Structure formats: structure tokens, C-alpha cells
Amino acid sequence: MVVCSTGTSGGIHKIFPVNDKYIENLGYLLAVSSLITSKHFSDKIDEKGKKMAFLYNRLESKTPSGLALSSSFTSYFMSDYFKNRPSKCNSEYTSPDQVILCPDNNQSVYCHLLCGLSQREKVVGVSATFAHALIKAINALQIYWKELSSNIRSGHVSEWITDLDCKNAVSAILGGPDPELADVIEQECSHKSWEGIITRLWPKAKFIECIVTGQMAQYIPTLDFYSNKLPIVSMVYGSSESIFGVNVDPLSKPQDVSYTFLPNISYFEFLPIDHEEDMNTIVDLVDVKLGCYYETVVTSYFGLHRYLIGDILQVTGFYNNTPQFRFVRRKNIVLSVNSEATTEQDILKGLASATLVLESSNSMLTGFTCYADISSFPGHYVFYWELKAKDVDDVVELDENVLEECCYALEESFDALYKRLRSKEGSIGALEIKVVQQGTFDSLMEYFISKGGSVAQYKTPMCINSSETLAVLEDKVIARFYSQKSPPLNL
């Protein structure tokens, strides 16, 4: 079989061969991570409960020569390994396989929510592959909660769910009318504020499970808002090319997560980041040094392809003798309009400061990306922000003073060279925040999916570098704000 990477990290899709061992490795890692979370969050073995997992499939395509082409998760979900997995007998998910395999993602997310709500007392964890997918599910709940409640009240699935396998499986889970549960859903979802909505609808939920490292860190404040600050567990680290490691300490804070590499998955090597891709300096997994930074090199067992992954990792410790790594940043994701280089880590640091400023308003950040605009002189950084009112029925009110202060907070967090070029030399212009319409980042996701991406593996690009993608965003801009003061120089 042939797998296609999402392309949302580097902007280019990669196609590579895989075999059954690839599928087994993915299933093995998911099983290990499930055991770890059960160990930390289950009070009793016989009361494990279920995960409401927002997992998605997509239709396979064909290469020009006729080979089946799919994303890594689609390959897994369509495999006999997944369909015949031992844990299936224990119904570990609230959703049946027919919902996961439904190729229409709108029908799938609706049915995921319907199954999760109808089994609300059994839900102990809420999960998705990436944080973005979980936020998307909450947005769908805000749109459909009245209809979902009506389905539960009547015991019938909506007519627009046309995937018959999916509809029949969900109908079996509903079982029949449940007006009392419908009343609870309507009562909780009718509140003006949706703060803590996850714990209000699923009172036995103990954790949120999704990847929140790297560019997914932007969604942590939103997840905290909706979940009443349930523990956020970032369990696995991987890419389309290979699975790398698992988090053996799920109770660690998102910013402190380290992943223990699994040496039986692929052959791992590491390139010290100060050697500029000189492959003669490469070291094996057993030779990495504590505190040092490396770029991962993977040789897959299924096709003997060797990949420079492009992730920068830091060695943080050892689990027995196995190295543990912290994800630092993508190698080539930087902003620059002059001689400065603003990294992903710099951007996330600035974003954390800016969202603290935003808390003084009634708005919260639900999506962002950025790019370096050099179309005029001096060039400047542009951040696209999608905002949402904290209270569900409110319209976002753009506070000019708050958003200008957010611009300043971003700039203040950047390094000394940026500040000197911006404040002293004037060779970098004022940072700009462009507020876009609600739903813009869903449109951006749909654009990437139309180019061959997958909902389950989609990651909002932290930095944009294509004119086509920028056009999607520019068409949705509703307001612009600039930093009105220069950041202080570091003396």
C-alpha cells in the first residue's frame, strides 16, 4: 500500500510505501498509550469506562499508476488489524466502527457526538488525534445541540445522516427515546456561557487526550475553558513516516511533555542541529546526550527509506536506558523579513503573552497562523486571528485597545535582534493582527483537504508561505490592528 503525508507541516505531500508492519506498529503504539492512560486515570479495573474519540476516515484516492493512496490513519482504520483488534470486543470507544469509517466527516462528527451524549455516564475521556479536531467537535456541538437533543428525545437519527451503515449502528446505540437525557442536554447547552461544557455534559470525564505540543499548543487555553481545566494528555509523538514515542507520564503538564522513543518501531538516528546536515556527524539512539538538541532521522523497516523529519528535539532524560525527547519546534518554520529569525518557539511564547492580554476582553482565540509580509518596505509580521465570544450567544466585539496591546505583547516576546531592527533601526515594520471571520480556519482546513490532506491528521500551519493559502485568509479579513509602540530594547 502507499501512504500520503498531510503536507500541513512543510507544505508538500510525500508519498511512500508501507506494509502490514506499519499498521501493526501504529496499533501497538495506540494500545500502549491506552494502557498508560488507563493506569493513571482508572480507579478500578472493572470501571474503565469509554473514550469519546473523534476519529475520522477519508476516501482513498489513486496514484497515476492505479495504486491505492491514503493517509496513514485511513490505512489503519481500513485494515484488518483495526477491524479485528482484540479491544473491539470491549467497546473502548463510544462510537462504533461504522462512525469512524464514515467517509463524510460532517456526518461522522455528528454521530460521534450523538453516541457520546447517549452514553454520557460511561465517558471517562474525550480524545482526538490533534487538539484542532477536538475544538472542531465542540464547534459542531454548538451548532447541532438542539438537533442532537431531539434525536435522543425521539430515539431516531436525523434524516440527513445518509450513510446507512453509520445510521444503523448509531440507532442501535440510541436504543429508543430518552426524554430525561434530552432535558439534561438542553439545560446544559442553553447556558449563556459554555465554560466547562465538557465536564457538565460528561460528568465522569477525567482527562482530555490529544496532541498539544508544537503548533497545537495554541489550543490549550480553549481546551481549558471548555473542559474546566481537566488534565490534557498528549500521549504520542509521530508523523506519517513513522511513530516515534509515547508519553509515559500522562500527568505532566503540556509544556513539560517528553516522549520515550520506541526503538522497535523504526531505526532512529539523530543529527546534531549545529552541524548543518553533515551526515557524518549523525549519532545512534543510544549515543544521544542529555540536554542536547537533534533533528530526527528515520529509516523505515517497511521500505528502507531514510527521512530527515525536520523536527528539532531535546534530550530530557531516560526511561530505564531509553532516551526521552521534548519536541522543541519544526526546523524550518521561522518568520524573517530581515536578518532576524523568529522560530516556532518564539511565536508560541509571544502567543501565550498575547492571549493573557486577550483575557481582559470577552473574546478568545480559536485559530491563528502568520506570515512575513515583504511586499512593502519595511517588511512586517502578519498574524491572522480568528476570535470567538466566550458567551455562545454573543457577537465578538473587537476592542481596539486590547488588540493593539496584543500586537505589542507578541513583539515584546521576540528576541533582541528583532527588537533592535524594529525599534532602533526601523528595518522591521509594526506587527499586524488581521482578524478574520468565524469559520475561516475551517475553510483553511477544507482547502488543505481538497489538496489531499486528512481531517484526522490536519494541523493548522503555523506559518503560511503560499499565495493560494494566503488568498483563502485574505478573503475573510474583517479588521486590522497594528502595534502602536515599539518593543523595548534589551540593554
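Colleague: Contact means heavy atoms within 4.5 Å. What share of the contacts with a separation of 6 or more comes from residues 24 or more positions apart?

Modeller: This is a predicted model, where local features need pLDDT of at least 70 and side-chain atom pairs count only at pLDDT 80 or more, while totals for chains, interfaces and linings use all residues. Residues are numbered from 1 along each chain as its sequence is written, and side-chain values use heavy atoms, with hydrogens and water left out. For residues 24 or more positions apart, the share of those contacts is 67%.

Colleague: How many helices and strands does the protein have?

Modeller: Helices (H or I, at least four residues) and strands (E, at least two) are DSSP runs, numbered from the N terminus. The count comes to 15 helices and 22 strands.

Colleague: What is the radius of gyration of the protein?

Modeller: This radius is taken over C-alpha atoms, and the globule rule is 2.2 Å times the number of residues to the power 0.38. For 491 residues the rule gives 23 Å. The protein comes close to that, so it is as compact as a globular protein of that length, with a radius of 23 Å.

Colleague: What percentage of the residues count as buried?

Modeller: Buried means under 20% relative accessible area, exposed over 50%, partly exposed in between (1.4 Å probe, protein chains only). Of the 491 residues, the buried part is 56%.

Colleague: Which strands stand at the edges of the open sheet β3-β6-β7-β8?

Modeller: Two strands pair if DSSP finds at least two bridges between them. The pairing in this sheet is parallel, and β3 joins β6 over five bridges. Two strands have a single partner each, so one side of each is left without a neighbour in the sheet. Those strands are β3 and β8.

Colleague: What angle does helix α5 make with β3?

Modeller: Axes are lines fitted to C-alpha atoms, for helices over the stretch in contact, and angles run from 0 to 180 degrees between N-to-C directions. Helix α5 (residues 105-118) packs on the sheet and touches β3 and β6. Its direction makes an angle with that of β3 of about 165 degrees.

Colleague: Which helix gives the largest share of the largest nonpolar core?

Modeller: A nonpolar core is a set of buried Ala, Val, Leu, Ile, Met, Phe, Trp, Tyr and Cys residues joined through side-chain atoms within 4.5 Å. The largest one has 98 residues, and Ile-198 and Trp-202 are among those with the most contacts inside it. The largest share, 11 residues, comes from helix α6.

Colleague: Which strand pairs with β19 in the antiparallel sense?

Modeller: An open sheet has the order β19-β20-β21-β22, with mixed pairing. β19 stands at an edge with a single partner strand, yet 10 of its 11 residues are buried, so it is largely enclosed by the rest of the structure. Tyr-371 has Val-382 as its bridge partner. Over 10 bridges, β19 pairs with β20.

Colleague: How far is the sulfur of Cys-370 from the closest cysteine sulfur?

Modeller: A disulfide is a pair of cysteine sulfur atoms within 2.5 Å, and the count here is zero. Cys-370 is buried, with a relative accessible area of 0%. The closest sulfur belongs to Cys-463, too far for a bond, at 3.7 Å.
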